[in-house]
Amino acid sequence: GVGGVGGGVEEFVRKVGNGILPSWMPIVERRRDMAVTEEERAWQLLRRGRYLEFNLLYDRGVKFGLEGGRIESIMVSAPPLISWRYNVVPEPGSREAELLSLLSGTPQSWVG
């Protein structure tokens, strides 16, 4: 099987699909009423901008779609709101700086 899951690819995909909502909904329920500051929202929009940048410049599937004339199909999948600023450096010691350090540091195992 795929990744140690018996039954082949179809069963694996079904198990992944069936596991998304049960694992995701408790997180949504716990966090959906949390207050978000303007600074946190601004950071979220900047990160979305960087996501779009990656997709447009580096993702092979997106580049293939753009080169094949499927521009509208590609752009409709982009985040609806983004922000872009040049050379953004978060405040030292901030949650944003901690996140960037975590994401750009040495890869680590998140399992056990």
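1. Two residues are in contact when heavy atoms of theirs lie within 4.5 Å. In this predicted model, and leaving aside neighbours within four places in sequence, W84 is in contact with L46, G49, R50 and E53. One of these partners, G49, stands 35 residues away from W84 along the chain, yet the C-alpha atoms of W84 and G49 are separated by 5.7 Å.

2. As for its setting, W84 is placed in the loop between α4 and α5. With a relative accessibility of 48%, W84 counts as partly exposed, because that class runs up to the 50% beyond which a residue is called exposed.

3. The loop between α4 (71-75) and α5 (95-104) also holds N87, a residue other than glycine whose phi is nevertheless positive, near 55 degrees. This deserves a second look from a student, because most residues other than glycine have a negative phi. N87 is also exposed, its relative accessible area being 59%.

4. Turning to the chain as a whole, the protein chain contains five helices and zero strands, so that, when read along the sequence, its pattern is α-α-α-α-α. The radius of gyration of the protein chain is 18 Å, whereas the globule rule gives 13 Å for 112 residues, and because the value is well over that figure, the chain is more spread out than a compact globule. Taken along the principal axes, the box that the C-alpha atoms fill is roughly 50 × 40 × 30 Å.

5. On burial and surface, 14% of the 112 residues in the protein chain are buried. The accessible surface of the protein chain amounts to about 9600 Å², and carbon and sulfur atoms account for 58% of that surface.

6. Contacts between parts of the chain that are distant in sequence should be noted as well: among the contacts in the protein chain with a separation of 6 or more, 53% join residues 24 or more positions apart. The contact partners of W84 named above include G49, which lies 35 residues from W84 along the chain.

7. The structure holds one aromatic pair, formed by F54 and Y58, whose rings are 6.0 Å apart centre to centre, with 35 degrees between the planes. The pair is called tilted because its angle falls between the 30 degrees below which planes count as stacked and the 60 degrees above which they count as edge-to-face. Of its two members, F54 is partly exposed at a relative accessible area of 42%, while Y58, at 53% relative accessibility, counts as exposed.

8. Finally, regarding charge, the protein chain carries 14 positive and 14 negative charges, and the mean positions of these two sets are 4 Å apart.

Terms used: Residues numbered from 1 in each chain as written. Predicted model: local features only at pLDDT ≥ 70, side-chain atom pairs only at ≥ 80, totals over all residues. Heavy atoms only, no water. Phe/Tyr/Trp six-rings, centres within 6.5 Å; stacked < 30°, edge-to-face > 60°. Buried < 20%, exposed > 50% of the residue type's maximum accessible area, 1.4 Å probe, protein only. Helix = DSSP H or I, 4+ residues; strand = E, 2+ residues; numbered from the N terminus. Rg over C-alpha atoms; globule rule 2.2 N^0.38 Å. Areas by Shrake-Rupley, 256 points an atom, 1.4 Å probe, with all protein chains shown as cover. Lys, Arg positive; Asp, Glu negative; His and termini not counted. Charge placed at Lys NZ, Arg CZ, Asp CG, Glu CD.
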